[in-house]
Amino acid sequence: MPDIHIQRAHTLGLPKARKLARKWAEQAQDKFALECKIVEGATEDTVEFTRPGVDGSLRVAADQITVDAKLGFLLAAFSKQIEGQIAENIDALLSPDRPAPRT
């Protein structure tokens, strides 16, 4: 079971959701030094991300975004805080009218 599991429904459709996933990947690379690899599929895209202490994926479909991550020993103690920040970031991307997440 992942340390972090976030799931959000949306009504963007796959083309717009793909753009959102790419934006998330760019932010994750810049802000958290995550190595991201985007794997496009017919009905779903996956952003696989990794760095020391974190491995996971963001899956984006026409109607849903799911983030699953496994944290290493040192980061596991902060899983609730990390999950909260990721959830805020996803929610802000899905609702551009919301204030930007805190850093």
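How many bridges pair β1 and β5, and in which sense do the two strands pair? In this predicted model, β1 and β5 are joined over six bridges, in the antiparallel sense. That pairing is a convenient way into the fold, and the paragraphs below follow the sheet outward, then turn to the helices, the core and two individual residues.

Overall, the protein contains three helices and five strands. Read from the N terminus, its elements follow the order β-α-β-β-β-β-α-α. The radius of gyration is 13 Å, close to the 13 Å given by the globule rule for 103 residues, so the protein is as compact as a globular protein of that length. Along the principal axes, the C-alpha atoms occupy a box of roughly 35 × 30 × 25 Å. Of the 103 residues, 37% are buried. Sequence-distant contacts are well represented too: among contacts between residues at least 6 apart in sequence, 46% link residues at least 24 apart.

The five strands make up an open sheet whose order is β1-β5-β4-β3-β2, with antiparallel pairing. At its edges lie β1 and β2 (35-39), each of which pairs on one side only. From one strand to the next, the twist averages 10 degrees. As general background, strands of a sheet pair through backbone hydrogen bonds, in either a parallel or an antiparallel arrangement. Here, the β1 and β5 pairing places H5 opposite its bridge partner D68 in β5. β5 also pairs with β4, in the antiparallel sense and over seven bridges; within this pairing R59 stands opposite T66 of β5. A hairpin of two residues connects β4 to β5. On the other side of β4, eight bridges join it to β3, and these two strands run antiparallel. One of the residue pairs involved is E44 with its bridge partner A61 in β4. As for burial, β5 is mostly covered, with six of its eight residues buried.

Helix α3 packs on this sheet, where it touches β1, β4 and β5, and its direction makes about 20 degrees with that of β1. The helix has 16 residues and spans 22 Å from its first C-alpha to its last, close to the 22 Å expected at 1.5 Å a residue. Its buried residues are S79, E83, I86, A87, N89, I90, D91, A92, L93 and L94, a list that includes charged and polar side chains such as E83, N89 and D91. The elements covering these buried residues include β1, α1, β4, β5 and α2 (73-76).

How is the interior put together? The largest nonpolar core has 24 residues, and W24, F49, L58 and I90 touch the most other members. At least two residues of this core come from each of β1 (4-9), α1 (14-32), β3 (44-51), β4 (54-61), β5 (64-71) and α3 (79-94). The largest share, six residues, is supplied by α1. In general terms, nonpolar side chains in soluble globular proteins tend to be buried together. F49 gives a closer view of these surroundings: beyond its neighbours within four places in sequence, F49 is in contact with W24, L34, E35, C36, V54, D55, G56, S57, L58, V67, D68 and A69. Two of the residues named above for touching the most other core members, W24 and L58, are therefore found among the contacts of F49.Two residues illustrate the contrast between covered and open positions. S79, which is found in helix α3, has a relative accessible area of 15%; because this is under the 20% cut-off, S79 counts as buried. Apart from residues up to four places away in sequence, S79 touches D3, I4 and L71. K37, in strand β2, has a relative accessible area of 52% and is exposed, the threshold for that class being over 50%. With residues up to four places away again left out, K37 touches T46, V47 and E48. The C-alpha atoms of K37 and A77, which are 40 residues apart along the chain, are separated by 26 Å.

Note on methods:
Residues are numbered from 1 along each chain as its sequence is written. This is a predicted model: local features need pLDDT of at least 70, side-chain atom pairs count only at pLDDT 80 or more; totals for chains, interfaces and linings use all residues. Side-chain values use heavy atoms; hydrogens and water are left out. A nonpolar core is a set of buried Ala, Val, Leu, Ile, Met, Phe, Trp, Tyr and Cys residues joined through side-chain atoms within 4.5 Å. Buried means under 20% relative accessible area, exposed over 50%, partly exposed in between (1.4 Å probe, protein chains only). Helices (H or I, at least four residues) and strands (E, at least two) are DSSP runs, numbered from the N terminus. Contact means heavy atoms within 4.5 Å. Two strands pair if DSSP finds at least two bridges between them. Axes are lines fitted to C-alpha atoms, for helices over the stretch in contact, and angles run from 0 to 180 degrees between N-to-C directions. The expected span of a helix is 1.5 Å times one less than its number of residues. The radius of gyration is taken over C-alpha atoms; the globule rule is 2.2 Å times the number of residues to the power 0.38.
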